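This report looks at one helix and at charged side-chain pairs in a single chain. Please keep the sequence and the structure at hand while reading.

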Amino acid sequence: MSRLIPLEMQTVTGAGLRHVAWWRRTPSGDQPVTLHIAGSRPTINTVTSQRPFYVAWRCGGASWPPMSKVSIEGSIAAGYEALEISVNRCATGEFVCIHDSTTDSVTGQSHVVRDTPWSVLSGLSNGGEPLLRLPDALDLIGDRAAIVIDNKPSSWGSTDPVDLDEEQALLGFIASLPCDPDDHLM
């Protein structure tokens with residue numbers, strides 16, 4: 001059984017606390033972002049009942065290379081119980097943990113993620129760390145934190161049929177993960 005609820009939280013910015021509500025845009029209207037909690041991760045109730053609710057945006061990407069092994073380990077060691085992972089799908093179908101549609105900002109090399117195969121992306125350096133695929137990041141996190149998955153084309157409001165198909169593929173991947181239905185929020 002899936003439950004839909006918006007995630008309400010505050011995030012710390014250079015200008016102080018800022019209220020954030022995360023939603024994704026779909027042809028049928030805005031939907032809350034996907035929070036996937038499986039196994040013995042903190043439950044939805046424990047993570048979202050904390051005030052304020054803290055999440056490591058881009059897995060701590062302001063302190064470490066975004067969405068890298070180092071940022072995942074650092075964020076968990078710092079006590080974050082929820083990690084946000086942005087994903088874009090590459091040319092060979094893998095969901096790559098990257099916020100932007102291009103690799104410029106994290107690798108210094110210009111590749112459009114959608115048009116680039118994983119064999120090329122996997123060789124790029126993200127601040128000295130390799131780019132990760134979503135399953136790799138989920139394996140690294142294990143049962144140590146809740147995971148907020150932000151499918152970037154959706155959050156950018158894309159209505160491109162390719163982006164919408166990719167979102168469905170991501171939702172199918174998430175649904176295929178082993179977890180207790182009561183701990184799975186979509």
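## A network around R114

In this predicted model, R114 has a relative accessible area of 32% and is therefore partly exposed. R114 lies in the loop between α3 and α4 and D163 in helix α7, so that this pair ties together parts of the chain 49 residues apart in sequence. The two residues form a salt bridge in which the closest N and O atoms are 2.4 Å apart, and D163, at 11% relative accessibility, counts as buried.

R114 also forms a salt bridge with D160, where the closest N and O atoms are 3.5 Å apart. This pair, too, links distant parts of the chain, since D160 sits in the loop between α6 (152-155) and α7 (161-176), 46 residues from R114. D160 is partly exposed at 28% relative accessibility. Through shared partners, the salt bridges join R114, D160 and D163 into one network.

## Helix α2 and its surroundings

Helix α2 spans residues 69-77, and its buried residues are S71, I72, G74, S75 and I76. These buried residues pack against β5 (82-89) and α5 (134-141). Just after the helix, G79 takes a positive phi of about 100°.

## A salt bridge from α2

The structure holds five salt bridges, one of which pairs R144 with E73, the closest N and O atoms being 2.9 Å apart. E73 belongs to helix α2, whereas R144 is in the loop between α5 and β9 (146-151), so the pair links distant parts of the chain, 71 residues apart. Both partners are partly exposed, with relative accessibilities of 29% for E73 and 33% for R144.

Key:
Residues are numbered from 1 along each chain as its sequence is written. This is a predicted model: local features need pLDDT of at least 70, side-chain atom pairs count only at pLDDT 80 or more; totals for chains, interfaces and linings use all residues. Side-chain values use heavy atoms; hydrogens and water are left out. Buried means under 20% relative accessible area, exposed over 50%, partly exposed in between (1.4 Å probe, protein chains only). Helices (H or I, at least four residues) and strands (E, at least two) are DSSP runs, numbered from the N terminus. Contact means heavy atoms within 4.5 Å. A salt bridge is a side-chain nitrogen of Lys or Arg within 4 Å of a carboxyl oxygen of Asp or Glu.
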